[in-house]
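Subject: Structure for you to look at

Dear colleague,

I am handing over the structure we talked about, and below it I have set out what was found in it. Please read the notes with the model open beside you.

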Amino acid sequence: MFNKELVKIINLSTALPIINEGVLLDGKTAPSYLTGSGTLGDHDTPSITIDASSFGFFPLLDISTNASNSIIQGLIFINNNFNSGNTIAINDASSVSIDDCQFLNSSQNHIYVSNGSNVRIDNCLIDGASDNNILLENNTNNTFIQFNTIVNASKRGIQVSGAGTDIKVLNNLIGTRLTPASSYTNNDGNAQHGIHMEDSDATATNQQIIEGNYIVKNGQHGISIDEVAGFGSGSDYVRIVLNTIGATPNGMAMGNTQSGIIVGYSAFTTIENNQLVNNQERGVLLSNALEGISVQNNYIASNGSNCFSGIDIF
């Protein structure tokens, strides 16, 4: 644990050791740690920073096979050296929690999970990755991404590729952040999709769930459930419910550059009880979607110009 008030910034000059057993890295015990209000987007402010700007590490924090039951909480990570890799990489580990952290700039992905299970990413500010802010792949399953602010990635806010089942993306701000004046920024969108899921089939009993998120100002679609480029392999059994796509929690219009939701080469997608507004193209685009698509009880308005539909099927 870090619990000395004088410990503010840890400037790394050598790589941290690979974590190969369960650990607790806890910055919340520092006396100057500030707790947020609990409002979505009002995150804790840690007082301890781990800064890898001066050197390139691959990754900054490497959580490996035997490091299950690890907890990383209450820390700020800066990883913007051009030669760096992921900020945190979780490979073949289970029951890993990343809570109440801030991730500021990365030359690759901020959080990378490969073949992980029971991973939780909770109440973090995740900002400015040069690739994706969060990348899940290689059969990662039973993972919760919730109550985070996910902004300014050069690619996708959340990228899910070749994952297993039970991926849950719940109650996040994606593409905007809460300001001290209780407003929302309009220049923090991720450069591509807010959420992109590909080649990540679930099952009827263990679905992927995208629920309760605010997804705005992203450079492509708000949510893309689509193929691996050129391979026609989407993601079956994805449930998209109770999201607001194109407006902030206080109703500010901040549409995504393309459609609110696109579904392609995927089956058994549920799109229900969402608000899809202000997006520059369609509210919902079903492009080469397969069987079992349900689009019900959504509010779809003020999307695109006259050449675009609220719901488009082709």
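Which residue of β22 does M197 stand opposite? Please keep in mind that the model is a predicted one. The residue opposite M197 is I225, in strand β22, which covers residues 223-225 and runs parallel to β19, the two being joined by 3 bridges.

Strand β19 is a good place to begin, and it spans residues 195-198. I195 and M197 point one way from this strand, while H196 and E198 point the other way, and all of them are buried. Besides β22, strand β19 also pairs with β16, again in the parallel sense, here over 4 bridges. Within the pairing of these two strands, H196 of β19 has Q159 standing opposite.

Strand β16 is made up of residues 158-161, with I158 among them. I158 is buried, its relative accessible area being 0%. Apart from neighbours within four places in sequence, the residues in contact with I158 are I134, I145, I150, V169 and I174, together with G194, I195 and H196; of these, I195 and H196 belong to β19. As for R239, which is 81 residues away from I158 along the chain, the C-alpha atoms of the two residues are separated by 16 Å.

Elsewhere in the chain, D312 lies in strand β31, which covers residues 311-313. Is this aspartate buried or exposed? With a relative accessible area of 18%, D312 counts as buried, because the cut-off for that term is under 20%. Once the neighbours within four places in sequence are set aside, D312 is in contact with R282, V284, L285 and L286.

Finally, a word on the cysteines, since you may wish to know how many disulfides the structure holds. The number is 0. In general, a disulfide is a covalent bond between the sulfur atoms of two cysteines. For C101, the closest cysteine sulfur is that of C124, and the separation of 4.9 Å is too far for a bond, because a disulfide calls for sulfur atoms within 2.5 Å. Seen from the other side, the sulfur of C124 has that of C101 as its closest cysteine sulfur, likewise at 4.9 Å. Both cysteines are buried, C101 with a relative accessible area of 1% and C124 with a relative accessible area of 0%.

With best wishes

Notes
Residues are numbered from 1 along each chain as its sequence is written. This is a predicted model: local features need pLDDT of at least 70, side-chain atom pairs count only at pLDDT 80 or more; totals for chains, interfaces and linings use all residues. Side-chain values use heavy atoms; hydrogens and water are left out. Buried means under 20% relative accessible area, exposed over 50%, partly exposed in between (1.4 Å probe, protein chains only). Contact means heavy atoms within 4.5 Å. Two strands pair if DSSP finds at least two bridges between them.
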